[in-house]
Every structure is written in C-alpha cells, then in structure tokens.
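Work through the exercises below with the sequence and the structure at hand. Each task is followed by a stepwise solution.

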Amino acid sequence: MNPFLDSWISRLGYLYATAVGCVWGALWSTGRIRREAGLIVFTGLPNWAFGRGGVCVGGCYLTSNNDSPTVLRHEAIHKRQWQRYGMLMPLLYALAGRNPLKNRFEIEAGLEDGGYLPRG
C-alpha cells in the first residue's frame with residue numbers, strides 16, 4: 001500500500017487545497033456560494049480565475065455558471081481524486097495531459113457528465 005494515497009498525508013493535502021479553493025472562491029465569487037454534491041460550489045467567478053468551464057480544488061468547485069447537476073456529479077469525483085492523491089493531484093493531472101479525452105482523471109470522472117462528450 002502506498003503511504004501517500006488515501007492516507008493522512010493525502011488528507012492533509014486535500015484539506016490544504018480545500019482551504020486554498022475556499023479563499024480563492026471567496027475572493028472572486030460574485031454569485032451564489034453553496035454546498036451541493038459534497039462540494040463547496042462557488043459561482044460567478046471571472047473566466048480568468050479558473051480553467052475550462054470550472055475547476056475542482058480540493059472540496060471546492062470554482063466556476064462562472066457551469067454548475068448543472070451532471071457537472072457537479074463529475075466534479076464530486078474530482079473531489080474524491082483530491083482526497084486520494086492530496087497535493088500530488090495537480091502534478092498527476094498535469095502529467096495526464098490537457099486533452100480530456102485522454103486524461104485518466106477526466107475519463108474516471110465521466111466525459112459526458114463533464115461536458116466533453118455529447119450525452120447519448
């Protein structure tokens with residue numbers, strides 16, 4: 001068993017990332033802030049404050065207005081990935097590549113729910 005995965009070390013990383021996400025979201029959010037799908041959802045952020053349609057940082061989801069139930073289901077899986085990998089998550093995600101169709105973290109979270117593929 002890897003001591004860095006699903007351990008107290010990864011949990012500390014997750015908690016740190018969640019704190020950073022909360023501060024960033026609180027600074028830039030002009031919309032509704034709520035708890036949903038196990039996430040703290042910050043809306044109304046300017047587009048430059050996050051990547052793509054939104055970003056999960058620890059237990060926080062930061063977006064302008066991309067917060068449908070299917071997207072939040074997708075982001076809740078990213079939250080679980082943060083819990084498993086802690087502060088390794090940004091590095092591992094970057095190494096997995098920017099193409100969501102080949103990125104294992106996006107595939108695991110569900111490409112359709114994330115809006116990368118048409119629902120069908």
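**Exercise 1.** Classify L15 as buried, partly exposed or exposed, and place it in its helix and surface patch.

Solution.
1. The model is a predicted one, and in it L15 has a relative accessible area of 47%.
2. Buried means under 20% and exposed means over 50%, so L15, at 47%, is partly exposed.
3. L15 lies in helix α1.
4. Patch residues need over 30% relative accessible area. L15 is one of the residues that make a nonpolar surface patch of about 850 Å², together with F4, W8, I9, L12, L88, L91 and L95.
5. Two elements, α1 (8–28) and α3 (89–96), each give two or more residues to this patch. The largest share, 4 residues, comes from α1.

**Exercise 2.** Compare the UniProt feature at residues 12–30 with the secondary structure of the model there.

Solution.
1. The UniProt entry, which is unreviewed, places a "transmembrane region" at residues 12–30. Such an annotation may be inferred rather than shown by experiment.
2. In the model, residues 12–30 are 89% helix and 0% strand.
3. The C-alpha atoms at the two ends of residues 12–30 are 29 Å apart.

**Exercise 3.** Decide how many disulfides the structure holds, and check C22 and C56 one by one.

Solution.
1. A disulfide is a covalent bond between the sulfur atoms of two cysteines. The cut-off applied to the sulfur pair is 2.5 Å.
2. The count for the structure is 0 disulfides.
3. For C22, the nearest cysteine sulfur belongs to C60 and is 3.4 Å away; C22 is in no disulfide. C22 is partly exposed, with a relative accessible area of 25%.
4. For C56, the closest cysteine sulfur is also that of C60. The distance is 7.8 Å, which is too far for a bond.
5. C56 counts as buried because its relative accessibility is 8%, and the cut-off for buried is under 20%.

**Exercise 4.** Describe the surroundings of V55: its strand, its accessibility and its contacts beyond four places in sequence.

Solution.
1. V55 belongs to strand β3, which covers residues 54–57.
2. V55 has 27% relative accessibility and therefore counts as partly exposed.
3. With neighbours within four places in sequence left aside, V55 is in contact with F50, C60, Y61, L62 and E75.
4. One of these contacts, E75, is 20 residues from V55 along the chain, and the C-alpha atoms of V55 and E75 are separated by 8.0 Å.

Definitions and conventions: Residues numbered from 1 in each chain as written. Predicted model: local features only at pLDDT ≥ 70, side-chain atom pairs only at ≥ 80, totals over all residues. Heavy atoms only, no water. Patch = residues over 30% accessible without salt bridge, like charges linked within 9 Å, V, L, I, M, F, W, Y side chains within 5 Å. Areas by Shrake-Rupley, 256 points an atom, 1.4 Å probe, with all protein chains shown as cover. Salt bridge = Lys/Arg side-chain N within 4 Å of Asp/Glu carboxyl O. Buried < 20%, exposed > 50% of the residue type's maximum accessible area, 1.4 Å probe, protein only. Contact = heavy atoms within 4.5 Å.
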